[in-house]
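I opened a fresh notebook page for this one. Here is what I looked up, in the order I went.

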Amino acid sequence: MHNQEGFAPAEENANGNQSFVRVEGNPSLVLNIFLRSPLYNWTCILVSALKIIVTAIMFSHSRGECQLWAIDGWLWGMILQDSLNILSHLLIRLEETLEVSYALNREQNPAHSQNSNRQLQEAQGRLNFLNEVVKFLTTCVLTLYLCLFITGHVILFSKNNCHDTVPGKVRLITIYTMLGYLYIFGFCCCIFCLTCFIAIYLSFIVITRTNQSRPAPEQVIASLPREPYSRERFPEHSECIICRSPYEPGDEVMRMRCHPSHYFHVECIRSWLLIRGTCPVCRVRVDRASEESQPLVNP
């Protein structure tokens with residue numbers, strides 16, 4: 001609470017009277033007052049709630065996409081961070097309400113009876129406990145957000161950023177990571193940082209898509225396993241997704257190393273890979289999948 005002349009209560013002296021310091025001359029107090037203001041608290045709660053809703057909608061609309069633990073884990077971590085952020089700001093509002101109630105009780109009980117003193121001590125104890133909880137939650141939120149900010153860049157600029165596999169989730173991570181520049185560096189340098197980030201990210205996307213569009217090496221295509229089609233061996237799909245023709249018993253099909261259910265007519269996938277060296281389903285490069293040598297698990 002502050003008086004009309006711009007002072008804030010600092011501490012009590014031995015007689016129970018409060019001493020005051022000027023807010024205008026103490027920048028840390030000004031920042032603390034701003035961070036505990038209702039406008040800032042409710043704005044943070046609203047932004048965090050909107051982020052949780054948007055992330056939940058993205059999960060609901062991406063059920064048919066490949067589930068990648070790194071990207072899904074990052075988004076679940078962001079949901080956890082936003083939930084803790086909402087909880088911390090709600091506790092700050094509760095703490096401010098209790099402080100006002102505590103100050104009113106002191107004014108209404110000037111005689112300091114034994115009963116009123118005990119109640120005031122209990123109220124002060126609750127305030128101290130709540131203050132420690134708020135400090136702990138704030139530290140957790142900042143630490144978690146910093147970790148997500150760093151790992152977001154690692155995911156976006158990694159060799160396999162899955163931009164073609166799960167584009168919606170990658171765009172969401174991009175937006176949340178760009179918002180981190182506003183939180184960490186402030187509004188003064190955010191324009192420069194965002195410009196640099198967008199330029200680097202767009203150039204990285206261009207390079208990545210250029211690499212994705214390269215044809216697959218002939219020896220890699222020749223090394224892919226081929227088998228005659230049968231419904232028992234290939235129960236997932238009944239037609240080739242490239243030519244849209246149904247598989248006939250005895251047709252020679254080629255299975256990708258990225259996933260056992262990704263198989264196609266030999267001539268269809270060969271023509272595809274000579275133009276674009278990625279799996280038509282998940283967009284993973286076949287030469288990278290061959291280097292990783294992921295074992296095929298036959299159904």
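Before counting rings, I fixed my terms: rings of Phe, Tyr and Trp (its six-membered ring) pair if their centres lie within 6.5 Å. I also kept in mind that this is a predicted model.

**Entry 1: aromatic pairs.** How many aromatic pairs does a search of the whole structure find? I got six. I then picked out Tyr-229 and Tyr-247, which form a stacked pair, with 4.9 Å from centre to centre and 25 degrees between the planes. Planes under 30 degrees apart count as stacked, so the label fits. I found both Tyr-229 and Tyr-247 in the loop between β3 and β4, 18 residues apart. Are these two buried or exposed? Tyr-229 is buried, and Tyr-247 is buried too. I also noted one aromatic cluster, formed by Tyr-229, Phe-234, Tyr-247 and Tyr-263.

**Entry 2: the sheet.** Next I turned to the strands on either side of that loop. I found an open sheet of three strands in the order β3-β4-β5, paired antiparallel. Which strands stand at the edges? They are β3 (226-228) and β5 (263-265); each has a single partner strand, so one side of each is left without a neighbour in the sheet. Neighbouring strands here are turned by 35 degrees against each other on average, direction ignored. Looking at one pairing, I saw three bridges joining β3 to β4 (residues 252-255). One partnership I wrote down is Pro-228 with Glu-252 in β4.

**Entry 3: the helix across the sheet.** What lies across β3, β4 and β5? My answer is helix α8 (residues 266-273), which runs at about 100 degrees to β5.

**Entry 4: nonpolar cores.** In soluble globular proteins, nonpolar side chains tend to be buried together. With that in mind, I looked for cores. The largest nonpolar core has 21 residues, and Tyr-247, Met-256, Phe-264 and Leu-273 touch the most other members. Tyr-247 thus turns up again, having appeared in the stacked pair. Two or more residues of this core come from each of α7 (218-223), β4, β5 and α8. Which element gives the most? I found that α8 does, with four residues. I also found a second, separate core of 19 residues, including Trp-74, Ile-79, Val-170 and Ile-173.

**Entry 5: a charge over a ring.** Last, I checked where Lys-51 lies. I found Lys-51 over the face of Tyr-176, at 5.1 Å from the ring centre.

Terms used:
Residues are numbered from 1 along each chain as its sequence is written. This is a predicted model: local features need pLDDT of at least 70, side-chain atom pairs count only at pLDDT 80 or more; totals for chains, interfaces and linings use all residues. Side-chain values use heavy atoms; hydrogens and water are left out. Two strands pair if DSSP finds at least two bridges between them. Axes are lines fitted to C-alpha atoms, for helices over the stretch in contact, and angles run from 0 to 180 degrees between N-to-C directions. Contact means heavy atoms within 4.5 Å. Rings of Phe, Tyr and Trp (its six-membered ring) pair if their centres lie within 6.5 Å; planes under 30 degrees apart count as stacked, over 60 as edge-to-face and the rest as tilted. Buried means under 20% relative accessible area, exposed over 50%, partly exposed in between (1.4 Å probe, protein chains only). A charge sits over a ring if NZ of Lys or CZ of Arg is within 6 Å of the ring centre and within 35 degrees of the ring normal. A nonpolar core is a set of buried Ala, Val, Leu, Ile, Met, Phe, Trp, Tyr and Cys residues joined through side-chain atoms within 4.5 Å.
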